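User: I am new to this structure. Please take a close look at its aromatic pairs and what surrounds them.

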Amino acid sequence: QVHLVESGGGLVQAGGSLRLSCTASGNPITNYAMAWFRQAPGKERETVAAIARSRGITYYLDSVKGRFTISRDNNKNTVYLQMNSLEPEDTAVYYCAASSNHLIPRTDDYWGQGTQVTVSA
């Protein structure tokens, strides 16, 4: 099992940047594909970005391509989501997740508690 804790959320003006961190404990993240999801009030959860265990394979939601970057630091057992050129539409609770079986974690994989990102116009 792995325990995930997100940090780095907050309030930022449109056009600004934030970096989210997801620190894992209990198992090395090298065992997992890692991903960031988000859920805004009244909307379904969506996959923002994902990174495979190896070979640098990544996935991005179309609306964040070119603005967000997912990366992993295996030495720190941490995954990051660098978010640039933030838009009010990016406002949501952001969740980190890990899966040993899938590039995109599923509901029954490992999840953090989430961190709030609010982008003001």
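Analyst: The aromatic pairs come first, then two residues in other strands.

This is a predicted model, in which local features need pLDDT of at least 70, side-chain atom pairs count only at pLDDT 80 or more, and totals for chains, interfaces and linings use all residues. Residues are numbered from 1 along each chain as its sequence is written, and side-chain values use heavy atoms, with hydrogens and water left out.

The structure holds two aromatic pairs. Rings of Phe, Tyr and Trp (its six-membered ring) pair if their centres lie within 6.5 Å; planes under 30 degrees apart are stacked, over 60 edge-to-face, and the rest tilted.

Tyr 32 and Tyr 110 make an edge-to-face pair. Their centres are 5.9 Å apart, with 80 degrees between the planes. Tyr 32 sits in the loop between strand 3 (18-25) and strand 4 (33-39), and Tyr 110 in strand 10 (residues 110-111), so this pair ties together parts that are 78 residues apart in sequence. Strands are DSSP runs (E, at least two residues), numbered from the N terminus. Tyr 32 is buried at 5% relative accessibility. Tyr 110 is partly exposed at 27%. Buried means under 20% relative accessible area, exposed over 50%, and partly exposed in between (1.4 Å probe, protein chains only).

Phe 37 and Trp 111 form a tilted pair, 4.6 Å centre to centre, with 45 degrees between the planes. Phe 37 belongs to strand 4 and Trp 111 to strand 10, so the pair links parts 74 residues apart in sequence. Phe 37 is buried, with a relative accessible area of 3%. Arg 45 lies over the face of Phe 37, at 5.4 Å from the ring centre. For such a placement, NZ of Lys or CZ of Arg must be within 6 Å of the ring centre and within 35 degrees of the ring normal.

Now to strand 3. Leu 20 is found there. Leu 20 is buried at 0% relative accessibility. Beyond its neighbours within four places in sequence, its contacts (heavy atoms within 4.5 Å) include Trp 36, Leu 81, Tyr 94 and Val 117.

Thr 78 is in strand 8 (residues 78-83). Thr 78 is buried too, with a relative accessible area of 5%. Its side chain makes a polar contact with the side chain of Thr 23 (3.3 Å). The side chain of Thr 78 also reaches the backbone oxygen of Lys 76 at 2.9 Å. A polar contact is a pair of N or O atoms within 3.5 Å; within protein, one must be able to donate a hydrogen and the other to accept it, and residues adjacent in sequence count only if both atoms are side-chain atoms.

Terms used
Helices (H or I, at least four residues) and strands (E, at least two) are DSSP runs, numbered from the N terminus.
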